[in-house]
Amino acid sequence: MDNFELYNPVNLIFGKGEISKISSNIPSGAKVLLTYGGGSIKKNGIYDQVVAALKGVEVIEFSGIEANPQYSTLMKAVELSRAENINFILAVGGGSVIDGSKFISVATPLSGDAWGILTGEAKIESAIPLGTVLTLPATGSEMNSGAVVSRKEINEKLPFGNPLCFPKFSILDPTVVASLPRRQLVNGVVDAFVHTLEQYVTYPNNAPLQDRIAESILITLLEIGEDVINNPSDYNLASNLMWSATMALNGLISKGVPSDWGTHMIGHELTALFNIDHGQTLAIIGPNLYRTLFDSKKEKLAQLGRRVFSLEGSDEKVGLEAIDKLQEFFTTLGMKTKISELTDKAETAPEIIFERFTKRIWLNIGEKGLITPKLAKEIVEMSI
Ligand code: NZQ
Ligand code: ZN
């Protein structure tokens, strides 16, 4: 096992009716920027619950943070936040609203070019404290310090992370799952599943506890995935999806073990280029990345096959079958397996991704640095 530090200061508040606890978690005297997306929270009653819980608090609203939050939109919120001297941000939404709000929280006090937050050139020294009300279990953003921001003018989608971005609190009320459209539920199950795989399908590292926690998340998602998509108002199913998705990317299962993240890095490019949903990009790329890197990942793929999919046989057989089972799980949920099913420009993707990886000097990604721009191109070619 590798050395590690575990730091996660998020006060996670889980359960039915807990949105009312916002009031006791916002500091007194706060001037709050309430951020949300395209309006789903006004239709499903979450907005009303949040407003009721904010009674007596000074609140300025910023709505319209889109899926794959856009830099230009977020910069408008930064201007508002500066003009209004905001000192607390409350994000109510899915990964996009929460990620966008993390960006607003660090960009508001920043002098200089805020795009530098994404390129790594800006020095992040302070942040406006942030609380969240999660409405879509998927990304884990509610309990981690990372965020992803898009800039469509230059077809970019880049991640950043900073310990200052950990939410002060996050409220997870599983009843919010009931109003999710099927497509977003599928995205959520797949995103949580692939987050776990990114931190598990690498190489054995003498970390049986981390492995078994990861396997528990995968098995739980396999058990409940289809059911929760078909019955989102079932509270027990929704609770288990929500907790699994948070556990998949709150930093715990990556401690002391290698991580890959190649599927995500290639997937983000597909979203930037063709606006394909994040979860859908992962469902396409993940299995092909594992096929391409089979020799290097064989032991963990075989372990996945045996322990998660209950397969039997040699490492070679079980490992290969595990990849097929994985793809089958995604398609059963309703995911497409090819880029060309989602855009008519699919054949342009391999070369563009090769160029972008090269330009960004992403020359050796993945747990062993084996994903070169050329290999990323091959994985995308397999996925057309
Ligand atoms: O905009 P609104 O009206 O809120 O509608 C949203 C949006 O259209 C809707 N929605 C959310 N909760 C709902 C709901 N509709 C009905 N009822 C509800 N309860 O769902 C749509 C998608 O929302 P979005 O926030 O975009 O989805 P998701 O949570 O999957 O977030 C995706 C973003 O997170 C990034 C992705 O790259 C993408 O930009 N990620 C963030 C990560 C992180 N911070 O750690 C890691 C992930 O790997 C991922 O990259
Ligand atoms: Zn993801």
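Q: In this predicted model, which residues of α11 meet which residues of α13?
A: On the α11 side they are Ala-283, Pro-287, Tyr-290 and Arg-291. On the α13 side they are Ile-323, Asp-324, Leu-326, Gln-327 and Phe-330.

Q: How do the residues of this contact of α11 with α13 divide into nonpolar, polar and charged?
A: Six are nonpolar, one is polar and two are charged. Asp and Arg count as charged, and Asp-324 and Arg-291 are both in the contact.

Q: What makes α11 roughly antiparallel to α13?
A: Their axes lie 10 Å apart and pack at an angle of about 175°. The cut-off for roughly antiparallel is over 145 degrees. Therefore α11 is roughly antiparallel to α13.

Q: Why are α4 and α5 called oblique to each other?
A: The axes of α4 (residues 71–83) and α5 (residues 95–107) cross at roughly 45°. Roughly parallel needs an angle under 35 degrees, and roughly perpendicular needs 65 to 115. The crossing angle of α4 and α5 fits neither, so the pair counts as oblique.

Q: What is the handedness of the crossing, and which residues make the contact?
A: The crossing of α4 and α5 is right-handed. From α4 come Tyr-71, Leu-74, Met-75, Ala-77, Val-78, Ser-81 and Arg-82. From α5 come Gly-100, Phe-103, Ile-104 and Ala-107. The split is eight nonpolar, two polar and one charged.

Q: How do you know whether Leu-74 is buried or exposed?
A: Leu-74 sits in helix α4. Its relative accessible area is 0%. Buried means under 20%, so Leu-74 is buried.

Q: What does Leu-74 touch, beyond residues up to four places away in sequence?
A: It touches Ile-65, Pro-69, Gly-100, Phe-103, Ile-104 and Val-149. Gly-100, Phe-103 and Ile-104 belong to the α5 side of the helix contact.

Q: What makes Asp-191, His-195, His-264 and His-278 donor residues of the zinc ion (ligand 2)?
A: They coordinate the zinc at 2.0 to 2.1 Å. The donor cut-off is within 2.8 Å, so these four residues qualify. Asp-191 uses OD, and each His uses NE2. In sequence the donors are spaced D-x3-H-x68-H-x13-H.

Q: Why does the pair His-264 and His-278 tie together parts of the chain?
A: His-264 lies in α10 (residues 262–274) and His-278 in α11 (residues 278–292), so the pair links parts 14 residues apart in sequence. Both histidines are buried.

Q: Where is Thr-196, and why is it called buried?
A: Thr-196 lies in helix α7 (residues 182–198). Its relative accessible area is 0%. That is under the 20% cut-off, so Thr-196 is buried. Leaving aside residues up to four places away in sequence, Thr-196 touches Ala-214, Ile-217, Leu-218, Ala-248 and Ile-253.

Q: What is the phi of Asn-275, and how do you know whether this residue is buried or exposed?
A: Asn-275 has a positive phi of about 60°, although it is not a glycine. It stands in the loop between α10 and α11. Its relative accessible area is 58%. Exposed means over 50%, so Asn-275 is exposed.

Q: What is the phi of Ser-310, and where is the residue placed?
A: Ser-310 has a positive phi of about 55°, and it is not a glycine. Its place is the loop between α12 (294–307) and α13 (315–333). With a relative accessible area of 59%, Ser-310 is over the 50% cut-off and therefore exposed.

Definitions and conventions:
Residues numbered from 1 in each chain as written. Chains lettered and ligands numbered in written order. Predicted model: local features only at pLDDT ≥ 70, side-chain atom pairs only at ≥ 80, totals over all residues. Heavy atoms only, no water. Axes fitted to C-alpha atoms, helices over the stretch in contact; angles between N-to-C directions. Helix = DSSP H or I, 4+ residues; strand = E, 2+ residues; numbered from the N terminus. Left-handed = near helix turned anticlockwise from the far one by under 90°. Contact = heavy atoms within 4.5 Å. Donors = N, O, S within 2.8 Å, 3.2 Å for Na, K, Ca; no water. Buried < 20%, exposed > 50% of the residue type's maximum accessible area, 1.4 Å probe, protein only.
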